[in-house]
Amino acid sequence: PKTPKGICGADADTLVARNLLRAVAAGSGCYIHIVENTALNLRAIGESGGPIKSPAALDRLAAHLGVSGTGLHEKAVNVANAVLSDLYLPRYETMRLTEKMAYAPRYALWDKLGILPGGAKSEVFDGVVKSSTNLNSDPVDMLMHCLTLGISTGLYGLTMTNLLNDVMLGQPVIRSAAVGFKTIDPRYINIMITGHQHSCFTDLQERLVAPDAVRRAKAAGAEGFRLVGCTCVGQDLQLRGEHYQEVFTGHAGNNFTSEAVLATGAIDMVVSEFNCTLPGLEPIADKLKIKMICIDDVSKKANAEYARYSYQDREAVTEKVVSEAIASYRARRGDVKMNIPADHGNDDTLTGVSELSLKEFLGGAWKPLVDLIASGTIKGVVGVVGCSSMVSGGHDVLTVDLVKELIARDIIVLSAGCSSGGLENCGLMSPSAAGLAGPSLRAVCEKLGI
Ligand code: SF4
C-alpha cells in the first residue's frame, strides 16, 4: 500500500479482517441456507406422513438431540423444529443443539472464549453488518466472529445437514461405484443435477423410475430416465447410491468437469438448486439445446426456467422436470453430436463412507484403525476436502499430486466435496491405488481389499 491507512483511518489489519469476515459470513449463509431447506423438507415429510427412508437414522438423531415424539413422523417434525428454532434464534441467544453436536471439551473451550453461536442466521446477518464500511474496526473482534460462524456452519450447515439427509434419503453404505463420463448412457434421457441440497430430489428420484414415467420416456424413444451426478449433490447421491441404483448412473465429475459433461452432448437437461452451477454452463446449454431448470433461485441461471421447489409443491415440480426433459430429448437428439469418452473414469471407486459405515467396516470399533496409527504403521489421517481449483498446474492437478504424495508416505487420505470428484476420476479411490501407497498402507489396503 502507498499509505499505512485508508482515507477513513482503517489500517491493514482492519481491512483484511473485514474482508475475511464478509467472505466467511457469505459462506456461512450458503450452508445455513442448505440446512434450513433440509430441515424444512424433513418437517414437511413428517407433517404429511411422507416416506422416511431410514427410521434408524431418525431414532438415533432424535435420541442424540434429546428430542422425542409419538411415532416416526411426529419425531421427524420435532427434530426439524428443534433445528429450525435454533437457526432462527436472535444472536444474543445461544443455539441449544450446539452442545449436543459438539465434542464436549471443545464446547467448554468455545464457551470460555465467548464464541458460542447465537441463532445461525442472525450471526450471518451481523457478520455482514460488522464488515460494512466504517462499522467494526477491531480486527480481533471480527476474527472471533469468523470463529463463531465456523462453529455454526460446521455443526449445522454440514454435520446436521448430513444427519437429516440420512433420515430422508437413507444411510450411506460402503460399496464400489462407477464414476466419470463412462457413467453417462446415451440410451436414456439424462438429467444432470448440480448443487448441494439432496433432499430437494426425494420425489424426483423416485418418480423418474416409476412405470408411468418410464413409459413416457420410451414413447419418446429412450429407455427411461437417468440422473447424472455432478458437484456436491452428485457426491451426495453417490454416498447414498446403494438406495438409488436404478435412477442414478454415477458421479460424472466435479464443478469444472460439469462443463465437459454437458459437452458430451448426451445430457438433455440440467436441474440446479445450489452451487456450483457454473455460469459457464449457460452458453454450452444454449449451443447444445440443453434445457436448464432451476429449483432454488439462489442458483438461478440466466437461461434457466425457475420452478421453485418445496416439499408441498414437489409433484408439480417433478412433473415439470419430467415433461420438459422429454421435450428436450425429442428436440435435440439426432440434432446434436455426441462424444462420450468411454474410457474416462472407472467402475470400482470406493464410496459410501460415513462415520457409521466406516466403523461397521472396521468391525464395529475404531480400535483397529487407532492401533495402526499408534503403532506407527500408518502415519496418520489427512483430510483433503473442499472445492477443486484451477491453480498450480490445472484442474485437480494440485489435489491429485498432493494425495499421491501423502499415500506414498503411508498417510490415509479422507476426501470430500469436489476434491473427491477429481481424485476418484483419476483412480485414487479405487483398490488399484494401493499400488501408489507406501509399503505399510499398501499392505493394509490389500489385506482389506480396498
Ligand atoms: S465442493 Fe466446492 S466446488 Fe464443489 S460443488 Fe461444493 S462448493 Fe462447489
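This passage describes the domains, the ligand shell and selected side-chain contacts of a predicted model. Local features were accepted at pLDDT of at least 70 and side-chain atom pairs only at pLDDT 80 or more, whereas totals for chains, interfaces and linings use all residues. Residues are numbered from 1 along each chain as its sequence is written, and side-chain values use heavy atoms, with hydrogens and water left out.

The chain is assigned to domain 1 (12-169), domain 2 (175-332) and domain 3 (353-448), with bounds taken from an automatic or database domain assignment. Between the C-alpha centres of domain 1 and domain 2 the distance is 29 Å. Contact, defined as heavy atoms within 4.5 Å, involves 18 residues of domain 1 and 19 residues of domain 2.

The size of an interface is often expressed as the accessible area lost when the parts come together. By this quantity (accessible area, 1.4 Å probe, lost by two parts on being put together and summed over both), domain 1 and domain 2 bury about 1500 Å², of which 53% lies on carbon and sulfur atoms. On the domain 1 side, Ile34, Asn41 and Leu169 lose the most area to domain 2, together accounting for 39% of what that side buries. The two domains are also joined by 2 salt bridges, a salt bridge being a side-chain nitrogen of Lys or Arg within 4 Å of a carboxyl oxygen of Asp or Glu. A salt bridge is formed by the side chains of Lys53 and Glu206, with an N to O distance of 3.4 Å.

The ligand is surrounded by His196, Thr231, Cys232, Asn255, Asn275, Cys276, Gly386, Cys387, Gly417 and Cys418, each with a heavy atom within 4 Å of it. Domain 2 and domain 3 each contribute at least three residues to this shell. The shell comprises 4 nonpolar, 6 polar and no charged residues; Ala, Val, Leu, Ile, Met, Phe, Trp, Tyr, Cys and Pro count as nonpolar, Asp, Glu, Lys and Arg as charged, and the others, Gly among them, as polar.

Two arginines were examined for their placement relative to tyrosine rings. The charged end of Arg226 sits over the ring of Tyr188, 3.9 Å from the ring centre, and that of Arg314 sits over the ring of Tyr311, also at 3.9 Å; the criterion is NZ of Lys or CZ of Arg within 6 Å of the ring centre and within 35 degrees of the ring normal.
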